[in-house]
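Biologist: I would like to go through this model with you. Show me the chain, and then justify the words you use for it.

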Amino acid sequence: MERWEKLERKTAPAIAEDIQGPLSGIRVLLNGSVVAAPFAATMLSDFGAEVIALERPKIGGDTARAQKPQITEGEKHISGSWMQNARNKLSFTLETNFNKVPESKEIFLSLIKECDVWIENMVWIEKLGITDEMLMEVNPRLIICHVSGFGTPKFGGEERYLNRACYDPLAQAESGWCLLQGFPDKPPYYAQQYIGDYLSGLFAVNGILMALRVVEKTGKGQIIDSTLCESYMRVMDDNYTLWSQAGIQKQRQGIKQATYQPAGIFPTKDGKYINLGAYGKGAYEKVMKGFGFDLEKYSYEAAGGSEEALQSDLGKELDQKFADYFMEHDSKEAIDILIDNRIGAAVIKNCEDVMNEEHWKDRGDWVTYEDQTLGKEVTAFGFAPKMSETPGKVWRGAPRLGQDTEAVMKKLLGYSQEEIDAFKGRGIID
């Protein structure tokens with residue numbers, strides 16, 4: 001009998017006993033790096049799940065730790081991404097290539113036995129000696145969540161596609177999203193800050209929560225496949241139906257709307273920018289009134305409500321009036337008028353602006369906690385969504401590499417100190 005077969009499930013949380021939240025009692029094992037899969041795990045841990053992040057020790061753990069720029073404290077350094085996204089996790093160092101280090105397999109399967117969810121974005125898990133079937137045999141209630149660029153074979157697809165490497169901008173290109181970004185007279189651009197990684201992480205969380213509900217009802221686990229490309233495809237709004245039904249392919253249009261105004265990004269007197277979208281006749285007339293423009297001369301039909309109106313001499317004249325107005329006022333003057341008239345608009349802010357905004361402070365969006373690598377207090381974004389009875393909570397900052405390996409092996413897997421010491425120096429847990 002294998003060691004994992006003798007294990008009895010230990011109630012979560014077993015390591016950090018003060019973890020609370022709506023997902024308290026759920027234990028998650030993470031084999032992932034950088035953004036998508038780790039973010040899914042963070043969303044779960046922020047709301048009470050006990051998350052154990054497996055990090056390969058020989059390569060320095062999750063590559064997000066080394067992402068630039070780095071925050072330094074003396075000789076210690078860590079990435080801002082790690083500070084923000086690795087909080088509320090336990091770091092367990094384990095070499096997960098079982099073909100190279102077969103001794104790791106027993107530890108890994110023991111962890112699988114003790115967990116409700118396994119999240120991974122390693123993609124080629126079979127090459128490491130891991131299969132879904134093997135894990136389901138160890139734990140039939142297990143929820144397996146694969147996060148990848150193009151998907152896994154169980155759900156179909158061409159082998160050549162499935163085996164492709166992927167990162168966020170590539171997924172934007174493959175999904176059609178990238179074609180819509182930028183200016184008509186310039187090559188397509190792509191959205192910054194790993195939007196697809198975060199989207200696929202959110203879709204993964206949604207799938208995991210649904211699968212947990214099924215486990216409650218049936219006792220049976222299942223496999224979830226969340227991809228970067230399909231996450232972008234799901235939020236493409238009307239693009240695919242317009243194409244399939246009418247052959248309409250949308251194109252990028254820069255910072256201006258082609259069919260109504262005022263809409264777009266306008267520079268202001270104080271060097272800021274305002275993003276404005278006054279869609280529809282009612283919104284148009286509110287802006288005209290707020291700015292004191294001649295609504296009789298520049299009627300919605302003649303100057304603001306269609307592509308033809310915008311391209312007319314009157315429409316172009318009005319567009320210039322809007323541009324001139326913003327350049328004659330600072331951003332606060334202009335945005336106050338827009339907000340007072342209930343027009344959808346916002347100043348394009350930098351991080352300092354956002355963090356100093358009293359609205360977000362009052363909503364409790366900034367939290368402080370101690371980063372475990374630097375040993376210093378850091379400020380980060382808090383929690384979304386907000387919950388009245390079971391809000392998110394930070395019980396600990398992002399962990400040092402391998403910070404919890406021994407605690408997990410002792411408290412959760414039942415290894416003695418002598419057994420743990422015997423693994424050391426062999427490329428298994430360090």
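Modeller: Contact here means heavy atoms within 4.5 Å. By that rule, and leaving aside neighbours within four places in sequence, Ser-81 is in contact with Gln-67 and Ala-86. One caution: this is a predicted model.

Biologist: Where is Ser-81 found, and why is Ser-81 called buried or exposed?

Modeller: Ser-81 is found in helix 3, residues 80-85. Buried means under 20% relative accessible area. Ser-81 has 18% relative accessibility, so Ser-81 counts as buried.

Biologist: What class does Leu-242 fall into, and why?

Modeller: Leu-242 sits in helix 10, residues 239-246. The class between under 20% and over 50% is partly exposed. Leu-242 has 23% relative accessibility, so Leu-242 counts as partly exposed. Not counting residues up to four places away in sequence, Leu-242 touches Gly-247, Ile-248 and Lys-250.

Biologist: What makes Ser-200 count as buried?

Modeller: The cut-off is under 20%. Ser-200 has 0% relative accessibility, and therefore counts as buried. Ser-200 lies in helix 8, residues 195-218. Beyond its neighbours within four places in sequence, Ser-200 is in contact with Ala-36, Val-147, Ser-226, Thr-227, Leu-228 and Ser-231.

Biologist: Which residues of helix 15 are buried, and how do you know that they line one face?

Modeller: In helix 15, residues 331-340, the buried ones are Ser-331, Ala-334, Ile-335 and Leu-338. Down the axis of helix 15, these buried residues fall within an arc of 95°, so they line one face. Lys-332 and Asp-340 are exposed on the other side of helix 15.

Biologist: What covers the buried residues of helix 15?

Modeller: The cover includes strand 10 (273-277), helix 11 (281-291), helix 14 (313-327) and strand 11 (345-347).

Biologist: Now helix 18. Which of its residues are buried, and what puts them on the same side?

Modeller: Helix 18 covers residues 405-412, with Thr-405, Val-408, Met-409 and Leu-412 buried. These residues cover an arc of only 105° around the axis, which puts them on the same side of helix 18. They pack against strand 1 (27-31), strand 2 (50-55), strand 5 (89-93), helix 4 (103-114) and helix 19 (417-423). After helix 18 comes Gly-414, with a positive phi near 80°.

Biologist: What makes a set of residues a nonpolar core, and which residues have the most contacts inside the largest one?

Modeller: The members are buried nonpolar residues from a fixed list, joined through side-chain atoms within 4.5 Å. The largest such core has 48 residues. Val-28, Leu-44, Val-117, Ile-119, Ile-143 and Ile-208 have the most contacts inside it. Leaving aside neighbours within four places in sequence, Ile-208 is in contact with Leu-44, Val-117, Ile-119, Ile-143, Cys-145 and Ile-224. Apart from the largest core lies another, of 42 residues, with Cys-115, Met-136, Met-409 and Phe-423 among them.

Biologist: And the whole chain: how many helices and strands are there, and what share of residues counts as buried?

Modeller: The protein chain has 19 helices and 13 strands. Of its 430 residues, 46% count as buried. Among contacts with a separation of 6 or more, 69% come from residues 24 or more positions apart. The C-alpha trace spans about 85 × 50 × 40 Å along its principal axes.

Biologist: What does the chain expose, and how far apart are the mean positions of its charges?

Modeller: The chain exposes about 22,100 Å², with 52% of it supplied by carbon and sulfur atoms. The mean positions of the 50 positive and 64 negative charges are 3 Å apart.

Key: Residues are numbered from 1 along each chain as its sequence is written. This is a predicted model: local features need pLDDT of at least 70, side-chain atom pairs count only at pLDDT 80 or more; totals for chains, interfaces and linings use all residues. Side-chain values use heavy atoms; hydrogens and water are left out. Helices (H or I, at least four residues) and strands (E, at least two) are DSSP runs, numbered from the N terminus. Buried means under 20% relative accessible area, exposed over 50%, partly exposed in between (1.4 Å probe, protein chains only). Accessible areas come from the Shrake-Rupley method with a 1.4 Å probe; for residues, only the protein chains shown count as cover. Lys and Arg count as positive and Asp and Glu as negative; His and the chain ends are not counted. The place of a charge is taken as NZ of Lys, CZ of Arg, CG of Asp or CD of Glu. The arc is that of the directions from the helix axis to the C-beta atoms.
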